[in-house]
Structure formats: structure tokens, C-alpha cells
Amino acid sequence: YGIALLNTRQIDQARTHLEQALELAPGADHVFYALAVAQALSGDASGAHDYLKRAIELEPRNRIMARQDGDFASIGGQAPFQALLYPEKKSNW
């Protein structure tokens with residue numbers, strides 16, 4: 001349900017349901033990923049980074065998905081996010 005709310009851009013309600021889902025399944029990478037999207041869409045780059053970092057730790061393929069996910073466009077150019085998405089590019093992030 002949280003994902004459906006996220007897709008219709010009901011961000012606050014989505015976040016509430018996703019946080020409840022995380023309590024029920026604390027190792028669910030897809031919930032961390034969805035929370036990262038919710039934070040990004042809310043303009044919270046730090047929160048998005050933290051949730052996405054955990055999603056990638058749990059499932060490394062989430063990095064590839066995030067690179068192509070337009071929902072991260074508003075914060076994708078920020079140095080910490082770039083370092084998370086492209087760790088192979090050793091630069092001065």
C-alpha cells in the first residue's frame with residue numbers, strides 16, 4: 001500500500017505505511033529503497049541517502065536501479081549521493 005501511495009505522490013501517507021512495513025520486516029531492502037524515494041521526493045537528501053545506503057547494503061542491485069530512477073533526479077547530483085551511486089569513480093566527493 002505504501003508503494004501505491006508513493007506512486008500517486010501521497011508522500012507523507014506513503015512514508016507512514018512504509019515505516020510500519022519496516023517495523024514488520026526490518027531487513028526488507030525494497031522498503032528501504034521506497035523510503036529513500038519518499039525522502040528524495042520530499043527534498044530530504046540526507047534521509048534519502050541513509051535509506052538508500054541501507055537498501056544497497058541489503059541488495060547491491062539497488063544501486064543500479066537507483067542510478068536509473070528519475071525519482072532521485074532532484075538530489076542525484078549531490079556529492080554524497082554520487083559517491084553512493086558510483087563508488088567506482090574515485091573522486092573528491
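I take partly exposed to lie between buried, which means under 20% relative accessible area, and exposed, which means over 50%. The model I am reading is a predicted one.

**Entry 1: Asp 44 and the loop before α4**

I began with Asp 44, which I found in the loop between α3 and α4. Its relative accessible area is 30%, so I recorded Asp 44 as partly exposed. I then looked up a distance across the chain. Asp 44 and Ile 75 stand 31 residues apart in sequence, and their C-alpha atoms are 8.6 Å apart in space.

For a second such distance I turned to Ser 46, whose place is in helix α4. Ser 46 has a relative accessible area of 47% and is therefore partly exposed. From Ser 46 to Pro 60 I noted 14 residues in sequence and 20 Å in space, C-alpha to C-alpha.

**Entry 2: Gln 39**

I next looked up Gln 39, which lies in helix α3. With a relative accessible area of 9%, Gln 39 is buried. Which residues does Gln 39 touch, not counting residues up to four places away in sequence? I listed Arg 15, Asp 44, Gly 47, Ala 48 and Tyr 51. Asp 44 from my first entry thus appears again, as a contact of Gln 39.

**Entry 3: How α2 and α3 pack**

Two packed helices are described by the angle between their axes and the distance between the axes. I looked up both values for helix α2 (residues 11–24) and α3: the axes come within 10 Å and cross at roughly 155°. Angles over 145 degrees count as roughly antiparallel, so α2 is roughly antiparallel to α3. I noted the crossing of α2 past α3 as left-handed.

I then listed the residues that meet. From α2 these are Ile 11, Arg 15, Leu 18, Glu 19, Ala 21 and Leu 22; from α3 they are Val 31, Phe 32, Ala 34, Leu 35, Ala 38, Gln 39 and Leu 41.

**Entry 4: How α3 and α4 pack**

I repeated the search for α3 and α4, whose axes come within 8 Å and cross at roughly 160°. That angle makes α3 roughly antiparallel to α4. I recorded a left-handed crossing for α3 passing α4.

On the α3 side, the residues that meet α4 include Asp 29, Phe 32, Tyr 33 and Gln 39. On the α4 side, those that meet α3 include Gly 47, Ala 48, Tyr 51 and Arg 54. Phe 32 and Gln 39 are also among the α3 residues that meet α2.

**Entry 5: Aromatic pairs**

How many aromatic pairs does the model hold? I noted a count of 3 aromatic pairs. One of them joins Phe 32 and Tyr 51, with 6.2 Å centre to centre and 50° between the planes, and it is tilted. This pair links distant parts of the chain, since Phe 32 is in helix α3 (residues 29–41) and Tyr 51 is in helix α4 (residues 45–58), 19 residues apart. Phe 32 has 11% relative accessibility and therefore counts as buried. Tyr 51, at a relative accessible area of 22%, is partly exposed.

Another pair is formed by Tyr 33 and Phe 72; it is edge-to-face, with 5.7 Å centre to centre and 85° between the planes. This pair also links distant parts of the chain: Tyr 33 is in helix α3, and Phe 72 is in the loop between α5 (61–68) and α6 (79–85), 39 residues apart. Tyr 33 and Phe 72 are both buried. I noted further that Tyr 33, Phe 72 and Phe 81 form one aromatic cluster.

**Entry 6: Charges over rings**

I looked for charged side chains above rings. Arg 54 lies over the face of Phe 32, at 6.0 Å from the ring centre. Lys 89 has its charged end over the ring of Tyr 86, 4.7 Å from the centre of that ring.

**Entry 7: His 49**

Is His 49, whose place is in helix α4, buried or exposed? I found a relative accessible area of 18%, so His 49 is buried. Leaving aside neighbours within four places in sequence, I listed Pro 80, Phe 81 and Leu 84 as contacts of His 49. Phe 81 is also a member of the aromatic cluster in Entry 5.

**Entry 8: Arg 9**

My last search concerned Arg 9, in the loop between α1 (2–7) and α2. Arg 9 is not a glycine, yet I noted a positive phi of about 65°. Its relative accessible area is 44%, so Arg 9 is partly exposed.

Key: Residues are numbered from 1 along each chain as its sequence is written. This is a predicted model: local features need pLDDT of at least 70, side-chain atom pairs count only at pLDDT 80 or more; totals for chains, interfaces and linings use all residues. Side-chain values use heavy atoms; hydrogens and water are left out. Rings of Phe, Tyr and Trp (its six-membered ring) pair if their centres lie within 6.5 Å; planes under 30 degrees apart count as stacked, over 60 as edge-to-face and the rest as tilted. Helices (H or I, at least four residues) and strands (E, at least two) are DSSP runs, numbered from the N terminus. Buried means under 20% relative accessible area, exposed over 50%, partly exposed in between (1.4 Å probe, protein chains only). A charge sits over a ring if NZ of Lys or CZ of Arg is within 6 Å of the ring centre and within 35 degrees of the ring normal. Contact means heavy atoms within 4.5 Å. Axes are lines fitted to C-alpha atoms, for helices over the stretch in contact, and angles run from 0 to 180 degrees between N-to-C directions. Angles under 35 degrees count as roughly parallel, over 145 as roughly antiparallel, 65 to 115 as roughly perpendicular and the rest as oblique. A crossing is left-handed if the near helix is turned anticlockwise from the far one by less than a right angle, and right-handed if clockwise.
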